[in-house]
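Some questions about how this model is described, with the reasoning behind each answer. Each turn sets a computed value against its cut-off.

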Amino acid sequence: MGNRIGPCTFPNCADHHGAPYLTSLGMCEPCQARFARTLGWLVMDWVGIHTALPMPARRGRQERRTAQKVFGHPAEWASDTAAEIGAVLNETHDSLAEYLGETPPPHPGITERLRVRAAWNYLECRIDKLALTDFGGDAATEMRDLHNQVRSRLGLTRPRQLLPTPCPVCELRTLFRSIDIGRDYIECGGCGHVIGEEHYPFYTRMVLDTILDSAA
Ligand SMILES: [Zn+2]
Ligand SMILES: [Zn+2]
């Protein structure tokens, strides 16, 4: 955990000469903010895929035909991608907890949603620590690539995702997340309320809690 000065390890960090910024933090501060945003977007990608996945078929009931298409795309892609996101988050959580000598995360026998929430709660407030490790840069690359893959798979200029929690202002379930290139925002389709980027981490936690509570 040295404080040696070296090039920022975040993918594609570049100063005006095109070289990564030099920093003693592992990653320069703007890149740490980028990392936090990428983590948040990826968790929300997981939420979008997860909430759109068909429920396991009930006993004695025929599967609905609509189960073929999820999030606008084949169910197989969706469940594979959700699992991949869950694995990256869980592995990063595991590596960082080991590096810091802290309690390891729930392991793969536990449901994906528990692992995703545990990873979010653990990593979101430890980006500065993750930045100092020698695996932080790789984790950031993997998360960014997965997020870009999800976004391009959605195939629209600005895909929208209906969120499972009510609007904090009008209390209707009409909150949409818009996924723009390099930018996300959440807006209520009912009253027009916009959730600012500064409230995004809090809101992400609320969405994950909602998913867990509704599964109980
Ligand atoms: Zn940087
Ligand atoms: Zn509203």
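Q: What makes strand β6 mostly covered?
A: This is a predicted model, and the burial comes from its atoms. Buried means under 20% relative accessible area. In β6, residues 175-180, 5 of the 6 residues are buried. The strand is therefore called mostly covered.

Q: How do you know that β5 and β6 pair?
A: Two strands pair if DSSP finds at least two bridges between them. Strand β5 covers residues 160-162, and 3 bridges link β5 to β6. That meets the cut-off, so the two strands count as paired. Their sense is antiparallel. One bridge joins Q161 to R177 in β6.

Q: How do you know that β6 and β7 pair, and in which sense?
A: The cut-off is at least two bridges. Here there are 6, and the sense is antiparallel. Strand β7 spans residues 183-188. I179 stands opposite D184 in β7. D180 stands opposite R183 in β7.

Q: What is special about the phi of G182 in the hairpin of β6 and β7?
A: G182 takes a positive phi, near 65°. This hairpin has 2 residues between its strands.

Q: Why do β7 and β8 count as paired?
A: The rule asks for at least two bridges. Strand β8, residues 194-195, shares 2 with β7, in the antiparallel sense. The requirement is met, so they pair. I186 stands opposite I195 in β8. The two strands form a hairpin with 5 residues between them. G192, in the turn, has a positive phi of about 85°.

Q: Which strands stand at the edges of the sheet, and why?
A: The order is β5-β6-β7-β8, an open sheet of 4 strands with antiparallel pairing. β5 and β8 each have a single partner strand, so one side of each is left without a neighbour in the sheet. In general, strands of a sheet pair through backbone hydrogen bonds.

Q: Why is E76 called exposed?
A: Exposed means over 50% relative accessible area. E76 comes to 61%, so it counts as exposed. E76 lies in helix α2.

Q: What makes the surface patch around E76 negative?
A: Asp and Glu count as negative. The patch is formed by E76, D80, E84, E91, D94, E98, D134, D138 and E142. Each of these is Asp or Glu, so the patch is called negative.

Q: Which helices supply at least two residues of the negative patch?
A: They are α2, residues 75-100, and α5, residues 136-154. The largest share, 6 residues, comes from α2.

Q: Is G40 buried or exposed, and how do you know?
A: Its relative accessible area is 3%. The cut-off for buried is under 20%. G40 is therefore buried. Its place is in helix α1, residues 29-52. G40 and H147 are 107 residues apart in sequence, yet 10.0 Å apart in space, C-alpha to C-alpha.

Q: How many helices and strands does the chain have, and what share of its residues is buried?
A: The chain has 6 helices and 8 strands. From the N terminus on, the elements run β-β-α-β-β-α-α-α-α-β-β-β-β-α. Buried residues make up 41% of the 216 residues.

Conventions. Residues are numbered from 1 along each chain as its sequence is written. Chains are lettered from A and ligands numbered from 1 in the order in which they are written. This is a predicted model: local features need pLDDT of at least 70, side-chain atom pairs count only at pLDDT 80 or more; totals for chains, interfaces and linings use all residues. Side-chain values use heavy atoms; hydrogens and water are left out. Patches are made of residues with over 30% relative accessible area and no salt bridge: like charges are joined within 9 Å, nonpolar side chains (Val, Leu, Ile, Met, Phe, Trp, Tyr) within 5 Å. Accessible areas come from the Shrake-Rupley method with a 1.4 Å probe; for residues, only the protein chains shown count as cover. A salt bridge is a side-chain nitrogen of Lys or Arg within 4 Å of a carboxyl oxygen of Asp or Glu. The place of a charge is taken as NZ of Lys, CZ of Arg, CG of Asp or CD of Glu. Buried means under 20% relative accessible area, exposed over 50%, partly exposed in between (1.4 Å probe, protein chains only).
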